[in-house]
Amino acid sequence: MPVTHSAEQTIPSDRTVRLLDTTLRDGEQAPGVSLSPDEKVEIANALERAGVSVIEAGSACTGAGERQAISRVTDLDLDARVTSFCRGIQTDIDLALDCDVDGIHLVVPSSDRHVEDKVGTSREDNLEKTAELVEYATGHDLWVEVIGEDGSRADLDYLEELMGTSLDAGADRVCFADTVGHTGPERTAEAVSRLAELGPVSAHTHDDLGLGVANALSAISAGADLVHCTVNGLGERAGNVALEEVAIALSHVYDVETLELTELYGLAQTVSRATGIQLPPNKAVIGENAFTHESGIHTDGTLKDDKMYEPYAPETVGRERRLALGKHTGRAGVKATLEEHGVEASSDEIATIATRVTELGDRGRRVTDADLLAIAEDVTGDDRDRVVELLDLTATSGGAVPTASIRLSVGGEERVASGTGSGPVDAAVSAVREALGSMADAELESYHVDAVTGGTDAVVTVEVTMVRNDRSVTVARSEADITRASVEAMVDALDRLLASDEQPLTPADD
């Protein structure tokens, strides 16, 4: 359901705009991020599925390990152009050539701060050297984009001369770079419009002022046809402009399509797993809360009309809508959530359940599915026979290999199993899966641990969300022992999921 377009809109719907992803280079420069060759390959394949036009696979000059990773990506024979970042040094170009990349991003200084203070050269020598490097790279059949580093703080007359020199020397395109997230949309538009008069121009924006998307859109409206992005907005400091945000903004606001939008959430999760950086819950497009509703007014409106409180359908970007439970939950949200779990309740019972959910939320608790179902069972008087119940758990981590043994009641049958893992929690979860066999085919979608009290005897709360057969259940458990809390939460979630499964229980796998 796109917005109503104005005849005066700055980006017409017939514009062709492509996205360049630099997650594997600029995104990896975020503190604490280091991607293995296998992880770069996995992300590159996900970017290809999303339809990204250019993939900057890394900086060949970084070292042998980085060159191996870049070569692994080039060996995939992707439809996307695969490139390497190069400093203004000929050896960087040679190292990129060794990786068999399709092209390079030649980064040269453009502001006086970088030309004189960082590199220690003059404007004139910088022009001459840039032309020589472009000619060298194109002479080796490389696609070349020249990036004027710190372009947002450069003298625009000199930036225009530098980029013009690059194009005259044979560069395929030039790039306006807001390297430190310094500028705003007006300055971006002024710079890009001047560069667009010279030839193909790209935009590289950062989010230090929270203007990454605004500057990217401003650059496009001024003539840029390629935007540098990273998945989830990863990057140095506050990060680069987020690929998913640029893609959905162009699609929803301007009817300009750049990517397979349904791949965005899966791509975000892939990058999150590989980098170890969790998705912020309030992040546009890919955050947990982006399509989650708790407020009674919003939930009621969304249930009546799914466009009531959402700019676009969650399915557009590979998401699903969720109803959250808490102090703001109303009767409509409680009723809808109970129906998802196959629980019937009268209007009066739903009102009572909603009141108790609100009371629980008022105490600062996040109300999980298990909490709601327990309240519903108490209010309706319906007793539920547990499918899976934890009887005993023993876990040790003092030896070389952490181990755990577990005893479960499964449909009245006692099952015992053991497991090993990277830690006691991992070992205990392995034991649970061993005991349940094919019944444990649920996926662990999320796992969070929070300390409830301080000190050496701290109580922790473990919250897990598990998915099975397109159904999800969230359960939280608090214990002094993180292993027991984790297993109890997981077993209770599996119990809730299995209780709604019409398939008969099967014996444990051999």
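Trainee: Which residues lie nearest the centre of the second largest pocket, and how many residues line it?

Mentor: This is a predicted model, so read the pocket as part of a prediction. The lining of the second largest pocket has 26 residues. Phe85, Val107, Val108, Lys118 and Glu149 lie nearest its centre.

Trainee: Which elements give two or more residues to that lining?

Mentor: Three strands and a helix do: E3 (81-87), E4 (103-109), E5 (143-149) and helix H5 (123-139). H5 gives the most, with 5 residues. The space in this pocket comes to about 550 Å³.

Trainee: Let us turn to a sheet. What is the strand order in the open sheet of 3 strands?

Mentor: Read the order from one edge to the other. Here the order is E11-E12-E13, and the pairing is antiparallel. Strands E11 (388-396) and E13 (413-420) each have a single partner strand, so one side of each is left without a neighbour in the sheet. On average, neighbouring strands are turned by 15 degrees against each other, direction ignored.

Trainee: How many bridges join E12 to E13?

Mentor: There are 8 bridges between E13 and strand E12, residues 403-410. To find the register, pick a facing pair. Thr403 stands opposite Thr420 in E13.

Trainee: Which strands does helix H15 lie across, and which does H16 lie across?

Mentor: Take them in turn. H15 (residues 424-436) lies across E11, E12 and E13. Its direction makes an angle of about 140 degrees with E13. H16 (residues 482-499) lies across E11 and E12. H16 runs at about 155 degrees to E11.

Trainee: Now a single side chain. Is Arg415 buried or exposed?

Mentor: Check the relative accessibility against the cut-off. Buried means under 20%. Arg415 has 5%, so it counts as buried. Arg415 sits in strand E13.

Trainee: What lies 3.2 Å from a polar atom of the Arg415 side chain?

Mentor: Look for a backbone partner too. For Arg415, the atom at that distance is the backbone oxygen of Ala435.

Trainee: Where is Ala196 placed, and what does it touch beyond four places away in sequence?

Mentor: Ala196 is in helix H7, residues 185-196. Leaving out residues up to four places away, Ala196 touches Val201, Ala222 and Gly223. Its relative accessible area is 28%, so Ala196 is partly exposed.

Trainee: How many residues apart are Ala196 and Glu160 in sequence, and what is their distance in space?

Mentor: Read both separations together. Ala196 and Glu160 are 36 residues apart in sequence. Their C-alpha atoms are 9.8 Å apart in space.

Technical notes. Residues are numbered from 1 along each chain as its sequence is written. This is a predicted model: local features need pLDDT of at least 70, side-chain atom pairs count only at pLDDT 80 or more; totals for chains, interfaces and linings use all residues. Side-chain values use heavy atoms; hydrogens and water are left out. Two strands pair if DSSP finds at least two bridges between them. Axes are lines fitted to C-alpha atoms, for helices over the stretch in contact, and angles run from 0 to 180 degrees between N-to-C directions. Contact means heavy atoms within 4.5 Å. Buried means under 20% relative accessible area, exposed over 50%, partly exposed in between (1.4 Å probe, protein chains only). A polar contact is a pair of N or O atoms within 3.5 Å; within protein, one must be able to donate a hydrogen and the other to accept it, and residues adjacent in sequence count only if both atoms are side-chain atoms. On a 1 Å grid over the protein atoms alone, a cavity is a set of points where a 1.4 Å probe fits but cannot get out, and a pocket is an open set with protein on both sides within 12 Å along at least five of seven lines; lining residues have an atom within 4 Å of a point. Grid points are joined across faces, edges and corners, and a volume is the space filled by probe spheres set on the points.
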